[in-house]
Amino acid sequence: MIITYGSSTERLARRTAEIGNLRVVEINRRLFPDGEQYLRLLGDVEGEDVAVFQSLGLNPDRSFMEYALLVDALKGAGCRSVTGVVPYLAYARQDRRFNKGEPLSAKIIAKLIESAGTDRIITIDMHLHRFRDINEVFDIPATNLTAMNLLAEYYANSHDACNSVVVGPDGESEQWAKIVADKLSARCHVLEKERLGDREVQISDTASIQGARAVLVDDMISTGKTMIEVIIRLKAQGVRHVDALVTHSLMVDDAYPKLRGAGLSELISTDTVEGPQSLVSVAPVLAKALKH
Ligand code: R5P
């Protein structure tokens, strides 16, 4: 197995290559004057199985195009197979036509990844809700890994997690909150969320959550609004310390200062989308998955 990468996920690709002792093929890339992307492989991949790392965070459309160009370049250069390693898979939250006239985006991104020439896909904590299994979304072999065990282990080893209560902000988060609660031997509360707009959510009553210390768990933070609403409510009822564990930290605009302003003590996320809060690397789980 050889590794190559799109520009959104270089560090994670290199970390995974180091752990798995895998060769990295470098890419020459630039933009044409009109903004189109150009790239060229700088190594021989003929007859090889290649893993292409590219998260679709923050600038998903551009990142996807780069991914598709990479896969085509690899296939054109005669590689044997392409495994797409897309640690953060964008468009997965639109997993239903909520209103008449909307696309089913989760299926469309899967079709595009497949039609680019991908033979197998690996992702991490994909937003699976109305589709319960990644194999309902993709027609190629697909693996959805989780970072929640790594996040919980990191938290248990670096914080006083005793008597913490784990809180999931909505029904979707139950799957991830339960893993963390099990690892921390903590109680788990899952709230209900109603989304009123892109940056507006309403959270159900948090009164039943008792304890001095809460750990919020979710797959991702985008605008931060979901977490902020929960933090404000928890603080108002006397929870003194609130930390958060999330896999994908997109942090749109000033999400992080707003979270801190609401009273969040610490945010711990992974390097699926690299940022200042990426304290846990998912490279070990990816290196292991690529061996199989
Ligand atoms: C949606 O259900 C997801 O699990 C997250 O809760 C959501 O995407 C977070 O978005 P935001 O940070 O913009 O509230």
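A polar contact here is a pair of N or O atoms within 3.5 Å. With that cut-off in hand, the ligand site of this predicted model is a good place to start. Ser222 makes such a contact through its backbone, where an N or O atom sits 2.8 Å from an oxygen atom of the ligand. As for burial, the protein covers 96% of the 380 Å² of accessible area that the ligand has on its own.

Side chains join in too. Lys193 places a side-chain N or O atom 3.1 Å from an oxygen atom of the ligand. For Asp170, the gap between a polar side-chain atom and an oxygen atom of the ligand is 3.3 Å. Both distances fall within the 3.5 Å cut-off, so these pairs count as polar contacts as well.

Looking at the whole shell, 15 residues surround the ligand, and the nearest of them are Arg93, Asp218, Asp219, Thr223 and Thr226. What is the make-up of this shell, in nonpolar, polar and charged residues? Eight are charged, five are polar and two are nonpolar. The ligand's space is also the largest pocket in the model.

Which elements each supply at least two residues of the shell? They are two strands, β11 (193–197) and β13 (213–221), plus the helix α6 (225–236). Of these, β13 gives the largest share, with four residues.

Strand β11 is worth following a little further. Its partner β12, residues 200–203, runs antiparallel to it, and the two are joined over four bridges. Two residues lie between β11 and β12, and together the strands make a hairpin. Within this pairing, Glu194 faces Gln202 of β12.

Then there is the open sheet. Six strands build it, lined up as β2-β1-β5-β6-β7-β8 with parallel pairing. At the edges are β2 (23–24) and β8 (142–145), each of which pairs on one side only. Inside the sheet, β6 (residues 81–86) and β7 (residues 120–124) run parallel and share four bridges. There, Val86 stands across from Thr123 in β7.

Key: Residues are numbered from 1 along each chain as its sequence is written. This is a predicted model: local features need pLDDT of at least 70, side-chain atom pairs count only at pLDDT 80 or more; totals for chains, interfaces and linings use all residues. Side-chain values use heavy atoms; hydrogens and water are left out. A residue is near a molecule or strand if one of its heavy atoms lies within 4 Å of it. A polar contact is a pair of N or O atoms within 3.5 Å; within protein, one must be able to donate a hydrogen and the other to accept it, and residues adjacent in sequence count only if both atoms are side-chain atoms. Accessible areas come from the Shrake-Rupley method with a 1.4 Å probe; for residues, only the protein chains shown count as cover. On a 1 Å grid over the protein atoms alone, a cavity is a set of points where a 1.4 Å probe fits but cannot get out, and a pocket is an open set with protein on both sides within 12 Å along at least five of seven lines; lining residues have an atom within 4 Å of a point. A molecule sits in a cavity or pocket if more than half of its atoms lie within 2 Å of its grid points. Ala, Val, Leu, Ile, Met, Phe, Trp, Tyr, Cys and Pro count as nonpolar, Asp, Glu, Lys and Arg as charged, and the others, Gly among them, as polar. Two strands pair if DSSP finds at least two bridges between them.
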